[in-house]
Amino acid sequence: MKLSCGIHQGDSLSTFLFILAAEGLSRTLKAASTVGSIQGLRFHHRDQAYTHQQFVDDTMCFGKSSVKEVMETKHILNTFSKAFGTTINEEKSNVYFFNTLVITQRNILRIVGF
């Protein structure tokens, strides 16, 4: 009989722990917006900034099309990934740009790696 440690997908606690981890990511992104590390998106200058939206096990990040914004967001995601042993699925990941210079788009794509 082989013993192993840890929780695996399908274990009764894995869903609960994933929800806790996703909440941690959500709060980290919101805190970064509050202190000004990232700007997120605002539809009106008085509105709160939208930094992300989570759907089950997917996260959509929103932000200003700037190298600084992307580097900080990527740092947050990398920290989350290391802490929880997850990875970003680059095959499922996309970047969408609106009114962004081509040179800025290229720089951002180089940073995110997909």
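Visitor: How buried or exposed is Leu 13, as a relative accessible area?

Guide: This is a predicted model, with local features needing pLDDT of at least 70 and side-chain atom pairs pLDDT 80 or more, while totals for chains, interfaces and linings use all residues. Residues are numbered from 1 along each chain as its sequence is written, and side-chain values use heavy atoms, without hydrogens or water. Buried means under 20% relative accessible area and exposed over 50%, with partly exposed in between (1.4 Å probe, protein chains only). Leu 13, in the segment before α1, counts as partly exposed because its relative accessible area is 47%.

Visitor: Which pattern do the helices and strands follow along the protein chain?

Guide: Helices (H or I, at least four residues) and strands (E, at least two) are DSSP runs, numbered from the N terminus. The protein chain has three helices and two strands. Read along the sequence, their pattern is α-β-β-α-α.

Visitor: Which helix gives the largest share of the largest nonpolar core?

Guide: A nonpolar core joins buried Ala, Val, Leu, Ile, Met, Phe, Trp, Tyr and Cys residues through side-chain atoms within 4.5 Å. The largest one here has eight residues: Ala 21, Leu 25, Leu 29, Ala 32, Ile 38, Ile 76, Leu 77 and Phe 80. Both α1 (14–35) and α2 (67–84) supply at least two of them. With four residues, the largest share comes from α1.

Visitor: Which residues does Ala 32 touch, leaving out those up to four places away in sequence?

Guide: Ala 32 is itself a member of that core. Touching is a contact, meaning heavy atoms within 4.5 Å. Beyond four places in sequence, Ala 32 touches Ser 37, Ile 38 and Ile 76.

Visitor: Is Ser 93 buried or exposed?

Guide: Ser 93 sits in the loop between α2 and α3, and it touches Ile 88 and Phe 114, among residues more than four places away in sequence. Its relative accessible area is 19%, so Ser 93 is buried.

Visitor: How many Å lie between the backbone oxygen of Asn 89 and a polar atom of the Ser 93 side chain?

Guide: Asn 89 is in the loop between α2 and α3 (102–112), and this residue is partly exposed, with a relative accessible area of 41%. Its backbone oxygen and a polar atom of the Ser 93 side chain are separated by 2.7 Å.

Visitor: What percentage of the 114 residues in the protein chain is buried?

Guide: The C-alpha atoms fill a box of roughly 60 × 30 × 20 Å along the principal axes. Of the 114 residues in the protein chain, the buried ones make up 24%.

Technical notes:
Polar contact = N/O pair within 3.5 Å; in protein donor to acceptor, adjacent residues only side chain to side chain.
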